[in-house]
Amino acid sequence: MAGERILLIEDEARIAQFIERALIYEGYRVSVARDGQNGLTIARDNPPDLVVLDWMLPGLDGLEVCKRLRAASDVPILMLTAKDDIKDRVIGLDAGADDYLVKPFSVDELMARVRALFRRSTPTSRPEILRFSDLTLDTGTHRAYRGERAIDLTAKEYELLELFMRNPRQVLTRDVIFDRVWGYDFGGESNIIEVYVRYLRQKTEQDNEPRLVHTVRGVGYVLREEE
Ligand code: CA
């Protein structure tokens with residue numbers, strides 16, 4: 001561990017202290033902010049390697065802080081929430097959060113998510129241009145195109161499309177998609193994959209363009225040409 005710096009934004013003193021101790025014990029350097037405004041100031045003055053961000057904060061809430069952090073940098077953001085509703089999770093992911101942890105959580109869970117986020121944020125390979133049918137994906141710039149048309153993707157939509165494009169014509173099970181895109185099993189009957197596949201289809205199928213991401217009922221999804 002290289003002593004990565006983690007910014008923790010959490011207003012509840014007991015929870016903040018619990019998380020701070022656990023992170024320090026694992027060898028991370030930790031800054032703690034007790035509200036969103038203070039967190040944004042710290043992030044600006046001394047950019048962290050990762051942010052652990054509570055959703056429910058006085059003043060600026062976690063969602064707003066997340067959007068502002070994301071507008072300024074690509075720092076991985078782990079959101080803490082008491083909200084266990086899938087819709088809230090999707091809203092948070094859309095705001096630019098990379099992952100979620102629902103309170104109450106164990107230290108082991110927290111550390112697993114933090115490690116997973118650090119793994120994913122470490123660049124592993126040189127940029128490539130991936131092509132399938134008339135879809136193009138630039139892994140350097142994260143830009144996608146259908147033919148000449150540029151497609152604007154959120155971070156998760158990009159990861160999902162990259163996974164499909166690296167495995168064309170192969171059926172990807174829900175488990176594999178969870179594991180590769182979200183880094184863990186999102187849990188039981190979550191419909192988050194369906195939600196994100198729907199987003200991808202909306203963006204890749206304008207003007208009656210033929211479908212490329214197909215449902216394999218009861219199994220998962222496959223990127224292939226229409227039959
Ligand atoms: Ca709180």
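**Entry 1: the second largest pocket**

I began with the second largest pocket, for which I noted a volume of about 200 Å³. The model I am consulting is predicted.

I then looked up which residues line the second largest pocket. The lining includes Gln 37, Leu 40, Thr 41, Ala 43 and Arg 44. Also in the lining are Pro 47, Pro 48 and Val 51, together with Leu 69, Ala 72, Ser 73 and Val 75.

Which helix gives the most to this lining? I recorded α2 as the main contributor, with five residues. Helices α2 (36-45) and α3 (62-72) each supply at least two residues of the lining.

I sorted the lining by class and entered eight nonpolar, three polar and one charged residues.

**Entry 2: the calcium site**

I turned next to the calcium ion and asked which residues coordinate it. The donors are Asp 11 through OD, Glu 12 through OE, Asp 54 through OD and Met 56 through O. I noted distances of 2.1 to 3.0 Å for this coordination.

Along the chain, the donors of the calcium ion follow the spacing D-E-x41-D-x1-M.

I also checked the accessibility of two of these donors. Asp 11 has a relative accessible area of 25%, and Glu 12 has one of 37%. Buried requires a value under 20% and exposed one over 50%, so I entered Asp 11 as partly exposed and Glu 12 as partly exposed.

**Entry 3: aromatic pairs**

How many aromatic pairs does the structure hold? I recorded four, and I describe two of them here, beginning with Tyr 28 and Phe 118.

The ring centres of Tyr 28 and Phe 118 lie 5.6 Å apart, with the planes at 20°. Because planes under 30 degrees apart count as stacked, I entered this pair as stacked. The pair links distant parts of the chain, its members being 90 residues apart. I located Tyr 28 in the loop between α1 (13-25) and β2 (29-33), and Phe 118 in helix α5 (residues 107-121). Tyr 28 and Phe 118 are both buried.

I then looked up Tyr 196 and Tyr 199, whose rings are 5.2 Å apart from centre to centre, with 75° between the planes. This aromatic pair is edge-to-face. Both residues belong to helix α8 (residues 192-204); they are three residues apart, so about one helical turn separates them. For Tyr 196 I noted a relative accessible area of 0%, and therefore entered the residue as buried.

**Entry 4: backbone geometry**

Most residues other than glycine have a negative phi, and most peptide bonds are trans. I therefore looked for departures from this pattern.

Is the peptide bond from Lys 103 to Pro 104 cis or trans? I recorded this bond as cis, with omega near -5°. Pro 104 is placed in the loop between β5 (99-102) and α5.

I noted a positive phi, near 60°, for Arg 169, a residue other than glycine. Arg 169 is found in the loop between α6 (155-166) and β10 (172-173). Its relative accessibility is 52%, so I entered Arg 169 as exposed.

Asp 207 is likewise a residue other than glycine with a positive phi, here near 50°. I located Asp 207 in the loop between α8 and β11 (213-216). With a relative accessibility of 69%, Asp 207 counts as exposed.

Technical notes: Residues numbered from 1 in each chain as written. Predicted model: local features only at pLDDT ≥ 70, side-chain atom pairs only at ≥ 80, totals over all residues. Heavy atoms only, no water. 1 Å grid on protein atoms, 1.4 Å probe; cavity = no way out; pocket = protein on both sides within 12 Å on 5 of 7 lines; lining within 4 Å. Points joined across faces, edges and corners; volume = space filled by probe spheres on them. Helix = DSSP H or I, 4+ residues; strand = E, 2+ residues; numbered from the N terminus. Nonpolar A, V, L, I, M, F, W, Y, C, P; charged D, E, K, R; others polar. Donors = N, O, S within 2.8 Å, 3.2 Å for Na, K, Ca; no water. Buried < 20%, exposed > 50% of the residue type's maximum accessible area, 1.4 Å probe, protein only. Phe/Tyr/Trp six-rings, centres within 6.5 Å; stacked < 30°, edge-to-face > 60°.
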